Amino acid sequence: MRTFALSLRDTRRCEEIEGIETFVGADDTGSFAIRAGHAPLIAALGFGLARFKPADGDWRYLAVPGAMLNFVQNRLEVLTRRFYLFDDYRIAAAALREELEAEEKSLAETRASIRALERHMLKRLWQLRREGIKL
């Protein structure tokens, strides 16, 4: 059976896994699979789970908050801010849900901070105009 190498890289670590039989991921156009000998491919994985199967093992699950994928010469590189590997789908899905909730909370806090900054800037511009300062 033909296999390929998988390289997972994030801001903290790099993991090299040999002997991959199949990788399944999804981008904006839908799901796709990669096997050894696949044509060169570049894709942007969305927030979610991908999975891969080593030739000598069971499916493993890869959770990413988005990633760039590059397959060339039987080597698949996945570049992301961070990645998490799981052997159990249920655990992977639960971890991904928690990550999504944390990111949504952070995004809401960022939006609130931006709104407060905009209000402060508008108030300051109004005060400067009242004081007769031209901008």
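This report walks through salt bridges in a predicted model. Residues are numbered from 1 along each chain as its sequence is written, and side-chain values use heavy atoms, with hydrogens and water left out. Because the model is predicted, local features need pLDDT of at least 70 and side-chain atom pairs count only at pLDDT 80 or more, while totals for chains, interfaces and linings use all residues.

A salt bridge here is a side-chain nitrogen of Lys or Arg within 4 Å of a carboxyl oxygen of Asp or Glu. By this rule the model has six salt bridges, including those in the table.

| Pair | Closest N to O |
|---|---|
| Glu16 and Arg9 | 3.5 Å |
| Glu16 and Arg75 | 2.8 Å |
| Asp87 and Arg60 | 2.9 Å |

Let's start with Glu16 and Arg75. Glu16 sits in strand 2 (residues 14-27) and Arg75 in strand 6 (residues 75-80), so their salt bridge ties together parts 59 residues apart in sequence. Strands (E, at least two residues) and helices (H or I, at least four) are DSSP runs, numbered from the N terminus.

Asp87 and Arg60 also link distant parts of the chain, 27 residues apart. Asp87 lies in the loop between strand 7 (84-86) and helix 1 (89-130), and Arg60 belongs to strand 5 (residues 60-72).

Now for accessibility: buried means under 20% relative accessible area, exposed over 50%, and partly exposed in between (1.4 Å probe, protein chains only). Asp87 is exposed at 59%, whereas its partner Arg60 is partly exposed at 22%. Salt bridges with shared partners join Arg9, Glu16 and Arg75 into one network. Within this trio, Glu16 is partly exposed at 38%, Arg9 is partly exposed at 32%, and Arg75 is partly exposed at 27%.
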